[in-house]
Amino acid sequence: MTLILTDVTLTYPDGEGRLTALDGVSLEVPAGTLTAVVGPSGSGKSSLLAAAATLVTPDSGEVVVAGTRTGPLTPAARAALRREHIGIVFQQPNLLPSLTAAEQLQVMAHLSGGRTREARRRALELLDAVGLAEKADRRPHQLSGGQRQRINIARALMNEPDVLLVDEPTSALDHERGAAVLDLLVTLTRERATATVLVTHDRAHLDRMDRTVTMDDGRLTVPAQV
Ligand SMILES: Nc1ncnc2c1ncn2[C@@H]1O[C@H](COP(=O)(O)OP(=O)(O)O)[C@@H](O)[C@H]1O
Ligand SMILES: [Mg+2]
């Protein structure tokens, strides 16, 4: 099991008290499978991803990524674990305006000390995998919203993550482009054997996912394992 959350509770300061964003959440995601997370706005979906990404530390419970218990890790060790094992795709691509598509990906390899030539080769391979081989030298303003989101996804895969966390990737896209991005995520999950968690509003494609879990007021409902 590549990603395991066990009884995770996360609270945020809220005036005099605390707001419970995750309330005893448990989830196991095997490699090569995609779990969709649905639920109303404010129910804790992004908090679930933040906890899985080790970007926030839960009040209690445990997050295990690729066999490593993350609770005892120092912040530096946690950052290293993220670089090596976790790919994160946020709602907005946040691409750097001055860089070409290939360079957006290559930056990731440089951050983890990779070699330039190998990074270039891998960037081009991933752009091909997301259907953008021809656009490697384009800059963000020369690309459509759907193409930018594909680059965002390819970038998250640069360091061959075991865990892929994706937050509402289709919210800025029209229906057709959104459907293509979700298809792509299913394909990449299989091909690259990632344990993928996808937060989505797009109920139209849930049948293509391995399973759908529901967040409601910080509580997660997981159907019987497939
Ligand atoms: N950094 C934060 N500080 C305080 N409260 C937060 C923070 N992030 C989220 N929340 C609150 O936690 C709850 C869950 O938020 P979130 O995980 O973003 O839900 P969702 O992604 O399902 O919309 C909401 O009530 C939200 O206002
Ligand atoms: Mg959210």
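Which residue's side chain meets that of Asp23 in a salt bridge? In this predicted model, the partner is Arg219, and the nitrogen and oxygen of the pair lie 3.1 Å apart. Asp23 belongs to strand E2, which covers residues 17-29, while Arg219 belongs to strand E10, which covers residues 219-221, so the salt bridge ties together parts of the chain that are 196 residues apart in sequence. With a relative accessibility of 29%, Asp23 counts as partly exposed, because the class of partly exposed residues lies between the limits of 20% and 50%.

The pairing of Asp23 with Arg219 belongs to a set of ten salt bridges found in a search of the whole structure. Side chains of opposite charge can pair when their charged atoms come close. Another of these pairs is formed by the side chains of Glu62 and Arg69, with a distance of 2.5 Å from N to O. Both partners are partly exposed, Glu62 having a relative accessible area of 28% and Arg69 having one of 49%.

A further salt bridge joins Asp210 to Arg190, and the closest N and O atoms of this pair are 3.1 Å apart. Here too distant parts of the chain are linked, since Asp210 is placed in the loop between strand E8 (195-199) and strand E9 (211-216), whereas Arg190 is placed in helix H6 (residues 175-192), with their positions 20 residues apart in sequence. Asp210 is partly exposed at a relative accessible area of 26%, and Arg190 is likewise partly exposed at 41%. In addition, Arg122, Glu125, Glu160 and Arg192 are joined into one network by salt bridges that share partners.

The packing of two helices was examined next. Two packed helices are described by the angle between their axes and the distance between the axes. Helix H3, made of residues 101-111, packs against helix H4, made of residues 116-129, at an angle of about 130 degrees, and their axes are 8 Å apart. The two helices, H3 and H4, are therefore oblique to each other, and their crossing is right-handed. On the side of H3 the contact is made by Ala101, Ala102, Leu105, Gln106, Ala109 and His110, and on the side of H4 by Thr116, Ala119, Arg120, Ala123, Leu124, Leu126 and Leu127. Sorted by character, the residues of this contact between H3 and H4 comprise nine nonpolar, three polar and one charged.

Attention then turned to single residues in strands and loops. Thr68 is found in strand E5, which consists of residues 68-69, and with 28% relative accessibility Thr68 counts as partly exposed. When its neighbours within four places in sequence are left aside, Thr68 is in contact with Val63, Leu73 and Leu81. The C-alpha atom of Thr68 is separated by 16 Å from that of Gly87, a residue 19 places away along the chain.

Ala66 lies in the loop between strand E4 (60-65) and E5, and Ala66 has a positive phi of about 50 degrees although it is not a glycine. The relative accessible area of Ala66 is 31%, and this residue is partly exposed. A positive phi, of about 55 degrees, also occurs at Ala193, which is not a glycine either. Ala193 is located in the loop between H6 and E8, and its relative accessibility of 41% places Ala193 among the partly exposed residues.

Conventions: Residues are numbered from 1 along each chain as its sequence is written. Chains are lettered from A and ligands numbered from 1 in the order in which they are written. This is a predicted model: local features need pLDDT of at least 70, side-chain atom pairs count only at pLDDT 80 or more; totals for chains, interfaces and linings use all residues. Side-chain values use heavy atoms; hydrogens and water are left out. Axes are lines fitted to C-alpha atoms, for helices over the stretch in contact, and angles run from 0 to 180 degrees between N-to-C directions. Helices (H or I, at least four residues) and strands (E, at least two) are DSSP runs, numbered from the N terminus. Angles under 35 degrees count as roughly parallel, over 145 as roughly antiparallel, 65 to 115 as roughly perpendicular and the rest as oblique. A crossing is left-handed if the near helix is turned anticlockwise from the far one by less than a right angle, and right-handed if clockwise. Contact means heavy atoms within 4.5 Å. Ala, Val, Leu, Ile, Met, Phe, Trp, Tyr, Cys and Pro count as nonpolar, Asp, Glu, Lys and Arg as charged, and the others, Gly among them, as polar. A salt bridge is a side-chain nitrogen of Lys or Arg within 4 Å of a carboxyl oxygen of Asp or Glu. Buried means under 20% relative accessible area, exposed over 50%, partly exposed in between (1.4 Å probe, protein chains only).
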